[in-house]
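Biologist: I would like a close look at a single part, the surroundings of the DNA. Please take me through it step by step.

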2 protein chains.
Amino acid sequence: MSAITIKMLARELNLAISTVSRALMDSYEISAATKEKVHALARQLNYQPNHYASSLRRQRSKTIAVIIPEISNNFFSHVINGIESVAQEKNYHVLIYFTHENPQKEAEVIQHLLSGRVDGILMSMAGNGSNHQHLHPIREQGIPIVFFDRICADLDAPTVTTDDFDSSVLATRHLMDVGCKKIAYLSISPHLSIDCKRMQGFQQAIADRQGQVESLLLPCGTDPERNQELITNMLANEKPDGIFASVEKLAITSYHACAALGLAIPADVKILSFSNLETASLLNPALTTIIQPAHDMGKSAATVLFNMLEKRKNRNWERNTVIRSSMIIRRSTQMAS
Amino acid sequence: MSAITIKMLARELNLAISTVSRALMDSYEISAATKEKVHALARQLNYQPNHYASSLRRQRSKTIAVIIPEISNNFFSHVINGIESVAQEKNYHVLIYFTHENPQKEAEVIQHLLSGRVDGILMSMAGNGSNHQHLHPIREQGIPIVFFDRICADLDAPTVTTDDFDSSVLATRHLMDVGCKKIAYLSISPHLSIDCKRMQGFQQAIADRQGQVESLLLPCGTDPERNQELITNMLANEKPDGIFASVEKLAITSYHACAALGLAIPADVKILSFSNLETASLLNPALTTIIQPAHDMGKSAATVLFNMLEKRKNRNWERNTVIRSSMIIRRSTQMAS
DNA sequence: AAATTTTACGGAAACGTTTGCATAAAATAT
DNA sequence: ATATTTTATGCAAACGTTTCCGTAAAATTT
C-alpha cells in the first residue's frame, strides 16, 4: 500500500514529472487547464508529497527543534504551546527534545541537529554544567537559533527572556514590606542565567535597605528529595521568616517542608516564587507568584526564529526581547494582622 | 559553511562513496584498517549523516509522531515524558502535534503524516467531534499507530489505557461512603472514550446502591468560563453534595465555583477527580484524586509502538494494555466528624 | 512574412544516502 | 600450477523531489 508519488501522477496524466511538480506548486509556467487536471488527480488519489525527498532537494526541512530541560513543568509546557501555535500557522513542524538538565544529553542533541535536520532551533539551557563548548558548532554551521528564558550568554544569538532582575527586586521588596527580617533565596543552579539574574535582583533589593534585613542563600539542585532535606534543615536551623523560591518546584518543596515542620505559612514563614502554577490561588495558603509570560515568550521566540529563517532584509529583529512578568500577591505573603 | 558529506570523506580518503558509507555503518565487508581511517576522518571533520537523504533511501525515518489534544495538562506532559524516554533510548526522534481538541486540525495532521514522514504514530483523540473517518487512511496505508488514554474504538489498533471504569466505581463508592446523597458527574465530552467509561463506572456504582443516592449529570465542555458558569449554576440550583470531576480541569473549576458561591469543601460539597496534579495535596482543601499512571502509559504506548516497528515475529504484543490508576483520598472528600 | 518573444512543457541533473552488482586481488583448495 | 572461494572495494542505480536548461508551438512584434 505504498504512498503515491509525483511520478505516478505524471504517468497517469501523460505529463513529465517536472510538469506535475510545477503544477502542484502552482508555478506560473503551467497552464490553468493542466494545473486543474493535476490537482484533481492528486486530490482523488490523496497524494501527499514526500517530505524527505523534498527536504533533501531544497535545503530546508520546514522543521524546527525545541530543546528544553523538561516538560513536567508548567512554564515549559506553556512555552511549547506558544511555539507550536506559531509553527502551526507557518506550516512548520516541531521536533522536541528533553535534556533532563543534562549537558551531555544536550550536546548529543545539538550534535545530531548539525546535520541540517532542522531549519532552526529554539532552546532553553540545561541547568547543570557550565561548559558551553558544545554550542559553538551551531554558530559555525550558521544554524539559526534563539534562546528563551535560560539563555547562553557566550553565544551571539537572539534571546527572549522575562525581566528576572526587576521582578526579583519587586518581589524581594514585597517580602520586606510585609515584615520579613530574614529572607532565604532558594537557588536552583548557579550556572543558569535566570537564577543569576533573580539572585542579583534579590541581593540588590536587600542591599537597598542595608542592614534592615538579613539574607540567606540556599543552593538547591534538581533532586526533589535532596531539596526537601536542604530546605527542612535550613528552616529548622536558620529560621528564616521569608522564602524566595527561584523556581516553582522549590516553592512546592518549601510548602512540604513547612508542613513537615509544622510551620505556618504565612504566620511563621512567608513564601513567594517565580511560578506558572495554575492552581496557585487554590493552594493552602494561596501562593504569591511572579508569573512569567510563558506562552508569549514561546510565541515571541518562535516569531524571532521565523524572522531569521525568512531572512528578513531588515536584520533588526530584536536581539534581546524582554517580556515582563507580573506579581500576584496572595495569602502566602500576607502580613500578620 | 555547508555540512560535510560522505562524498567529501570519500574524496579526501581516495575511496568510493559506497566504501565510506559501509565503513560508517560498520559493514562486515570493509577492512578494519579502512574503517578506522574513515571513522577517524569523520570524527575529525565532525561528520553528521544527512537525515533526509538517509530517510529517503531507506524507507524509514527513525521518527515518530505524537498527536495530543494539548500540553498544558499534567496528564499529557507526563505521558510525553514517558514517550520521550523510550524514544531517546531507541534513538528515535519525536514530532509533536497539538489538536487543541479540534478534529479538523487532527485530520490535517493525520493527512500530512500519510506521506511516510513518520514510522509510527502515538495518539490521543481530540474531544470534540465523533467522526473518525479521517483516521481510516492510516490503516489503509499501514502506518503503525497506538492509541493511549483517549482511544478510537472503530480502528483496529493497539491501545494503552487505564482502568477508567473500575476506578470510577471505586471513586463513586467512596463518595457514597463518606455520606454523599446527591452526586454530580461532570462530563467533558460524550465523544471521548475515557469520559464514557468513567461515566459508566459512575452510573454502575450508583445503580449498585439503588435508590440510596441521587445522581446528576452535567455535560461540560472545553471552554473554562462556560464551565464555571455551568458548574456554578448547578451548585446553586441542584445543590449536590458530591462532585465527581471526570478530568482535572473540571475539578479546578469546581473549586473556583465553590469559592465564588461560598460553599465549603468538604462540608457542603465533596469533590474528587481524575487528576495528575502534583499540588493536589497542597490545595485548600487537599484534593482527593484518582491518579493516572501517565508516565507509565507513555512508556508503555511507545514500547508497543516500537514492537510494531521492529516487526516482532510474535505479533502478540498486548492489543489492549491497561495500567491501573490509584485513588488517593484527601480532605476534599473527608466525612464530617 | 519574417523575426522575436512568450507560453507551456519535457529532459535530465542534482540533493546525500544506501545497496545490488561487478570485480580485482588475495587467500585457499584442488 | 590452476581453479575456486573469500576479501575488500568500486560503479551505478535507486529513493522522490526540485530546478536548470532546452525547445516546440503559439503569440506578438517588426
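Modeller: Let's start with a term: a polar contact is a pair of N or O atoms within 3.5 Å; within protein, one must be able to donate a hydrogen and the other to accept it, and residues adjacent in sequence count only if both atoms are side-chain atoms. This is a predicted model, where local features need pLDDT of at least 70 and side-chain atom pairs count only at pLDDT 80 or more, while totals for chains, interfaces and linings use all residues. Residues are numbered from 1 along each chain as its sequence is written, chains are lettered from A and ligands numbered from 1 in the order in which they are written, and side-chain values use heavy atoms, leaving out hydrogens and water.

Now to DNA strand D. A polar backbone atom of A:Ile6 sits 2.8 Å from one of its phosphate oxygens. Another phosphate oxygen contact comes from A:Tyr47, whose polar side-chain atom is 2.9 Å away from DNA strand D. On chain B, B:Arg57 reaches a base instead: a polar side-chain atom lies 2.9 Å from a base nitrogen of DNA strand D. Helices 1 (6-13), 2 and 4 of chain A, along with helices 2 and 4 of chain B, each give two or more residues to this surface (helices are DSSP runs of H or I with at least four residues, strands runs of E with at least two, numbered from the N terminus). Helix 2 of chain A gives the most, with four residues.

There are 28 residues around DNA strand D, and A:Arg57, B:Ala16, B:Ser18, B:Thr19 and B:Arg22 come nearest; a residue is near if one of its heavy atoms lies within 4 Å of the strand. Among the strand D atoms within 4 Å of the protein, 57% belong to sugar or phosphate and the rest to bases. The surface residues divide into 10 nonpolar, 11 polar and seven charged (Ala, Val, Leu, Ile, Met, Phe, Trp, Tyr, Cys and Pro count as nonpolar, Asp, Glu, Lys and Arg as charged, the others, Gly among them, as polar).

Turn next to DNA strand C. Of the 28 residues around it, A:Ala16, A:Thr19, A:Arg22, A:Thr34 and B:Arg57 come nearest. The backbone of A:Ala16 has a polar atom 2.7 Å from a phosphate oxygen of DNA strand C, and B:Ser21 brings a polar side-chain atom to 2.9 Å from a phosphate oxygen. For a base contact, look at A:Arg57, with a polar side-chain atom 2.9 Å from a base nitrogen of DNA strand C. Sugar or phosphate accounts for 59% of the strand C atoms within 4 Å of the protein. Helix 2 (17-24) of chain B gives the most to this surface, namely four residues. By class, 10 residues are nonpolar, 11 polar and seven charged.

Both chains have appeared beside each strand, so here is how the chains meet, too. Their contact (heavy atoms within 4.5 Å) takes 47 residues from chain A and 47 residues from chain B. Between chain A and chain B there are 26 residue pairs in polar contact, with both residues at pLDDT 80 or more. On chain A's side, helix 5 (74-89) is among the elements giving two or more residues, and helix 5 gives the most, with seven residues. That side has 19 nonpolar, 24 polar and four charged residues.
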